[in-house]
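Q: Please take a close look at one buried serine side chain in this model and describe its surroundings. Add a short account of internal cavities afterwards.

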Amino acid sequence: MLTSGSYVQYASILNVTHTTLSAGIPVITDTMRASVLIETGRVEVQERLVPTPGPGDVLVEIAAVGVCGSDAHYYRHGRIGEYVVTAPIVLGHEASGRIVAVGAGVSGSRIGERVSIEPQRPDPDSVESRRGDYNLCPHMEFYATPPIDGALAQYATIGSAFAHPVPDEVSDIAAALFEPLSVGIASIRKAGVVAGGSVLIAGAGPIGLVCAQVARAHGATRIVLSDINSARLETALRFGATATVGPDDVAGLEPFDAFVDASGAPSAIAAGIGAVRPAGRVVLVGMGAAELTIPVSIVQNRELILTGVFRYANTWPTATALVTAGLVDLDALVTGRYALDEVADALDADRVEGSIKAVVLPQLVSDGHPAAERRSS
């Protein structure tokens, strides 16, 4: 991992864009490399100006960026619902790094701090922010959501309160994956999972796997994952699931206290709702169709609570505690590491058999070998 003590050595083996002082604090140059989505299906590395931290901001040298399904969706389709890519944009919102400069009003003592980035810029004066639901702020600027640039670059700025310090025992990659972990935390909170409880999770991708780990950390004793991919179901047993089933077998299961959909599949959602006991909870987190048919009579007759999850709020302290305590393993999710020149491959990694999570290391120089060979180790 990148720490102040190892920074000079780190810089010597990577092709970084700055020199370093003896204390390990970088001298930042004017330009940086950034992977830019030019048009649907085409990304290229460009030289861009290093952003300047404004008042209350910090400048972070990016160490790791997780690739999300939304990044791949923008890459392949150029839009997600109402969010449309109309100009070149930097993707990536799961990020970590090291603070290298601060804006006005931020203590210089934060320089050198390793951080996990919460990629949100809400309006602090909105009604939603004032009541604590800042993730729902209608004026939100969110990394890699058009037209806001993300973190697939060597540097990025963020509000200082959203640059969360991470302890030395947490790797840079794990710190980047606090973002999808936060989605899992928000989902399990909404599901009301408690010690001794039960939860059905549809979709054994990265979000489903972190939901399972968070549910286990909450003390749930019955955590069942469903998916159409048998290999993913086998993987789920290593990440908190107590059992796995195919979608067609959900109807025959004993009822659950809660259902979390991390698949976005209409059939999985319908089956999951039918598997929840009276007064249970249904949480929709997976990206799917804009509209779907749900069994309204089941929701009414069982008095189910049905809600969605849109990002997260106030989750980073919990993420830090879970990972530090060893209750959630994020490093083990990583199945491919990529350089900034290999972002196109990283965005298509979800199509590779056995892939769970791809991570881009902006300071990494491609070694000429296939990126998929650089497994988590």
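A: What follows describes Ser116 and then the second largest cavity, in a model that is predicted.

Ser116 is found in strand β9, which spans residues 114-117. Its relative accessible area is 0%, and because buried means under 20%, Ser116 counts as buried.

The side chain of Ser116 has two polar partners to look at. One is on the backbone: the oxygen of Ala175 lies 2.6 Å from a polar atom of the Ser116 side chain. The other is on a side chain, that of Trp316, with which the side chain of Ser116 makes a polar contact at 2.8 Å.

Both partners also appear in the contact list of Ser116. Leaving aside residues up to four places away in sequence, Ser116 touches Ala95, Ser96, Phe162, Ala163, His164, Val166, Ala175, Phe178 and Trp316.

Turning to enclosed space, the model has 2 cavities of 30 Å³ or more. The second largest cavity holds about 30 Å³ of space. Its lining consists of Leu177, Pro180, Leu181, Pro206, Val210, Leu330, Leu333 and Lys357. By class, that lining has 7 nonpolar residues, no polar residues and 1 charged residue; Lys357 is the charged one. Two helices, α5 (178-191) and α6 (206-217), each supply at least two residues of the lining of the second largest cavity.

Terms used:
Residues are numbered from 1 along each chain as its sequence is written. This is a predicted model: local features need pLDDT of at least 70, side-chain atom pairs count only at pLDDT 80 or more; totals for chains, interfaces and linings use all residues. Side-chain values use heavy atoms; hydrogens and water are left out. On a 1 Å grid over the protein atoms alone, a cavity is a set of points where a 1.4 Å probe fits but cannot get out, and a pocket is an open set with protein on both sides within 12 Å along at least five of seven lines; lining residues have an atom within 4 Å of a point. Grid points are joined across faces, edges and corners, and a volume is the space filled by probe spheres set on the points. Helices (H or I, at least four residues) and strands (E, at least two) are DSSP runs, numbered from the N terminus. Buried means under 20% relative accessible area, exposed over 50%, partly exposed in between (1.4 Å probe, protein chains only). A polar contact is a pair of N or O atoms within 3.5 Å; within protein, one must be able to donate a hydrogen and the other to accept it, and residues adjacent in sequence count only if both atoms are side-chain atoms. Contact means heavy atoms within 4.5 Å.
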